[in-house]
Amino acid sequence: MKWKRTLKWSALGILLILFAWFEVAYWTSSNDCGRSIPAGSERMKAIRYCEYGPPDDGLRLEQVEKPVPNNNQILVRVRAVSLRFFDGGMLEGGIGRLIFGLRKPKNTCPGSDFSGTVEAVGRNVTEFKPGDEVFGVRAGALAEYICVRQAGAVVSKPTNVTFEQAASLPTALVALQGLRDTVHVKAGQKVLINGASGGVGTFAVQIAKAFGAEVTGVCSTHNVDLVKSLGADHVIDYTKEDFTKGDERYDVIYDLVNNRSFAERRRVLQPGGICILAGVGGSGMRKETFFNLAGSLTAALRSKFSKEKFVMFGVDINKKDLGVLRDLTGSGKIVPALTKTYPLTETAAAYTYLETGHASGKIAITIE
């Protein structure tokens with residue numbers, strides 16, 4: 001039939017257009033590597049990666065141009081940067097190329113969660129002054145200096161933690177928003193954290209406790225003491241016990257691993273309970289990552305037809321919630337579980353360790 005032939009040629013045309021777009025986007029994808037530093041410009045050290053690949057091959061410590069703040073920015077002397085679970089995946093490329101650059105990475109300086117000292121301020125800046133200690137989120141943080149908008153994701157640093165600990169605080173946004181906004185965790189509720197010893201999980205345990213919940217953490221034998229030290233009321237060693245086969249029922253499951261079926265998790269939820277799908281298990285981008293992500297999507301769809309809900313959410317990096325984390329830290333209600341630090345010269349080793357997928361707590365890179 002004529003309409004079928006028309007539809008066939010239309011679909012073929014769309015595919016050809018998409019293919020042509022991809023080809024153009026791929027071959028025009030580039031970055032600023034190779035650009036010379038203007039004469040007379042100040043220089044600084046920064047980690048660069050110009051091509052996708054493993055950390056040992058791609059990461060280099062180089063001299064680059066030192067940034068200059070505009071009227072609405074502050075210049076921060078970076079003291080520490082913490083790594084997030086997806087940072088290693090950015091280096092490898094993979095499916096992340098659709099976001100970070102098809103052929104080459106667009107942003108050649110990795111890292112985003114930082115802490116440091118204000119070095120200078122723009123003429124319109126009133127919130128900060130030179131000498132202030134701050135933390136926040138800014139792409140390209142693995143450098144001696146970065147410029148951050150006054151209105152951006154940056155707030156004053158709590159005085160009772162180190163720069164390395166402060167740099168790990170932005171990770172807690174995932175735990176804060178998941179537990180506070182997605183399910184409104186409150187006193188008396190039973191909350192299970194699956195993946196309680198990871199970068200987000202260590203914060204989730206403490207934030208759930210700060211909200212008054214009875215918290216059960218799930219982790220390996222090696223991390224039982226760590227999770228207990230964070231205030232968990234109960235700890236399940238997954239090498240010895242399967243939490244989905246126990247008699248306990250939970251109001252909330254905060255799942256950072258997503259290694260159980262929909263039915264298994266639903267079984268241990270209270271009627272009308274909620275499972276927050278907040279992670280995909282471990283760090284980096286491996287084949288399991290995509291299987292776990294697919295599992296999250298499937299669970300969220302299936303829960304549309306049950307009383308127990310499985311909910312995915314996206315983190316919102318904002319100044320207000322960074323301030324909430326600062327206050328929780330300042331009052332001692334959360335303490336960043338920093339387990340490993342590296343100097344800037346050993347950044348590749350830090351990323352390699354992250355990519356093992358079994359890092360507990362947070363990893364930070366110190367910039368002296």
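Which residue in S6 is the bridge partner of Arg77? Follow Arg77 across to S6 and you land on Tyr145. Keep in mind as you look around that this is a predicted model, and let's use that pair as the way in.

Arg77 brings us to strand S3, residues 73-82. Nine of the 10 residues in S3 are buried, so the strand is largely enclosed by the rest of the structure. Look at what S3 pairs with. Strand S6 (residues 145-149) runs antiparallel to S3, and five bridges hold the two in register. Strand S4 (residues 113-121) is also antiparallel to S3, here with eight bridges; to find your place, look for Ile74, which stands opposite Val121 in S4. Then there is strand S15 (residues 362-366), joined to S3 by three bridges, again antiparallel. In that pairing, Val81 has Ile365 in S15 as its bridge partner.

Now step back to the whole chain. You have 12 helices and 15 strands to sort through, spread over 368 residues, of which 51% count as buried. Among contacts with a separation of 6 or more, 68% are between residues 24 or more positions apart. As for the outside, the accessible surface comes to about 17700 Å², and carbon and sulfur atoms own 56% of that.

Next, the parallel sheet. Six strands make up this open sheet, in the order S10-S9-S8-S11-S12-S13, and the pairing is parallel. Strand S10 (234-237) and strand S13 (309-312) sit at the edges, each pairing on one side only. Going from one strand to the next, the twist averages 20 degrees. Inside the sheet, take S11 (residues 250-255) and S12 (residues 269-277): they run parallel, with five bridges between them. One of the matched pairs here is Val252 with Ile274 in S12.

Helices pack against these strands too. Helix H6 (residues 172-182) lies across strand S8 (190-194), S11, S12 and S13, and runs at about 150 degrees to S11. Helix H7 (residues 199-210) also packs on the sheet, where it touches S8, strand S9 (214-219) and S11. The direction of H7 makes about 170 degrees with that of S8.

What about the side chains that hold charge? Side chains of opposite charge can pair when their charged atoms come close. Searching the whole structure turns up 15 salt bridges. Try Glu42 and Lys66, whose closest N and O atoms are 3.7 Å apart. This pair links distant parts of the chain, 24 residues apart: Glu42 is in the loop between helix H1 (2-28) and strand S1 (43-48), while Lys66 is in the loop between strand S2 (60-65) and S3. The two ends have rather unlike settings. Glu42 is exposed, because its relative accessible area is 53% and the cut-off is over 50%. Lys66 is buried, because its 15% falls under the 20% limit.

Go back to the parallel sheet for another one. Lys190 forms a salt bridge with Glu248, with the closest N and O atoms 2.7 Å apart. Lys190 belongs to strand S8, whereas Glu248 is in the loop between S10 and S11, and 58 residues separate the two. Both ends fall into the middle class: Lys190 is partly exposed at 24% relative accessibility, and Glu248 is partly exposed at 35%.

A third pair involves S11 itself. The side chains of Arg265 and Asp255 meet in a salt bridge at 2.8 Å, N to O. Arg265 comes from helix H9 (residues 262-267) and Asp255 from strand S11, 10 residues apart. Arg265 and Asp255 are both buried. Elsewhere, Arg48, Arg60 and Glu62 are joined into one network by salt bridges that share partners.

Last stop, the cysteines. How many disulfides does the structure hold? Zero. Two cysteines to look up are Cys109, buried with a relative accessible area of 10%, and Cys147, buried with a relative accessible area of 6%.

How values were computed. Residues are numbered from 1 along each chain as its sequence is written. This is a predicted model: local features need pLDDT of at least 70, side-chain atom pairs count only at pLDDT 80 or more; totals for chains, interfaces and linings use all residues. Side-chain values use heavy atoms; hydrogens and water are left out. Helices (H or I, at least four residues) and strands (E, at least two) are DSSP runs, numbered from the N terminus. Buried means under 20% relative accessible area, exposed over 50%, partly exposed in between (1.4 Å probe, protein chains only). Contact means heavy atoms within 4.5 Å. Accessible areas come from the Shrake-Rupley method with a 1.4 Å probe; for residues, only the protein chains shown count as cover. Two strands pair if DSSP finds at least two bridges between them. Axes are lines fitted to C-alpha atoms, for helices over the stretch in contact, and angles run from 0 to 180 degrees between N-to-C directions. A disulfide is a pair of cysteine sulfur atoms within 2.5 Å. A salt bridge is a side-chain nitrogen of Lys or Arg within 4 Å of a carboxyl oxygen of Asp or Glu.
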